[in-house]
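Reader: I've got a model open and I'd like to practise reading it with you. Can we start with the sheet and then move on to the charged side chains?

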Amino acid sequence: MALAISLWLVALPSRAEGINPRLASLALQDGYLVANTRFAIQLNPTLSDALDEGVPLAFRLQFRLNRPRLYAWWQQLSGGFEPTAEQQYKLSFHSLTQTWRVSVGGALYKSYPTLNDALAAIGAIRGWRVLGKGAVGKSRLSEFAGEVRLSLDISQLPRPFQLSALGATDWKLESDWTPMALEGEH
């Protein structure tokens, strides 16, 4: 018993680093299926040091429809419906202004005074349209469910860092696929 407790205590610091989902739900808004997400992100020392040295980190928020499977498969086959959606984030540090900058989709950006504030903004999205009106049939709305994941996108790193990141556990940062159901459905 003492050995199990000591192993658990040793494992605690390593579990603090990573991406953990705090909110993952689907809702209906104006005929669209929308996702609401929030993640807690803790960077390891390697990633924090890279940011401090001016290396931007890119994150990818992914959604995939997993229910109803037959409906998604049929829509994809018949009308080119894609049962997935993706959102890109880029985090960088600006040494001149001493601020952290988060860009969403490469177009919108916002500056934050602390790294924790910037990390809290990544993956925190409300009303993200993951399925359009044409893909969401009114008779099947209660059956829709999906899953979401946030991960560090090493393919967006500068080339020298991409080579270093391949196979390195310090550069692997992702959440598990987190199930999402319609709000109010259990």
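Reader: Which strands form the open sheet, and in what order?

Author: A quick word on the ground rules: this is a predicted model, where local features need pLDDT of at least 70 and side-chain atom pairs count only at pLDDT 80 or more, while totals for chains, interfaces and linings use all residues. Residues are numbered from 1 along each chain as its sequence is written, and side-chain values use heavy atoms, leaving out hydrogens and water. Now, the general idea: strands of a sheet pair through backbone hydrogen bonds, either parallel or antiparallel. Strands here are DSSP runs of E with at least two residues, helices are runs of H or I with at least four, and both are numbered from the N terminus. Two strands pair if DSSP finds at least two bridges between them. In this model, six strands make an open sheet in the order S6-S5-S4-S3-S8-S9, with antiparallel pairing.

Reader: Which strands stand at the edges?

Author: S6 (108–112) and S9 do; each has a single partner strand, so one side of each lacks a neighbour in the sheet. For S9 (residues 178–181), pairing with S8 (residues 145–152) runs over four bridges, antiparallel, and Ala145 sits opposite Ala181. One face of S9, with Thr178 and Met180, is covered, while Pro179 and Ala181 are on the uncovered one.

Reader: Where is Arg60, and what does its salt bridge tie together?

Author: A salt bridge here puts a side-chain nitrogen of Lys or Arg within 4 Å of a carboxyl oxygen of Asp or Glu. By that rule there are four. In one of them, the side chains of Arg60 and Asp153 meet at 3.3 Å, N to O. Arg60 lies in strand S3 and Asp153 in the loop between S8 and helix H5 (159–165), so the bridge joins parts 93 residues apart in sequence.

Reader: Is Asp153 buried or exposed?

Author: Buried means under 20% relative accessible area, exposed over 50%, and partly exposed in between (1.4 Å probe, protein chains only). Asp153 is buried at 5%, whereas Arg60 is partly exposed at 23%.

Reader: Which residues are linked in a network of salt bridges?

Author: Arg149, Lys172 and Glu174. Glu174 meets Arg149 at 3.9 Å and Lys172 at 3.2 Å, taking the closest N and O atoms. Accessibility varies along this network: Arg149 is buried at 18%, Glu174 is partly exposed at 35%, and Lys172 is exposed at 58%.
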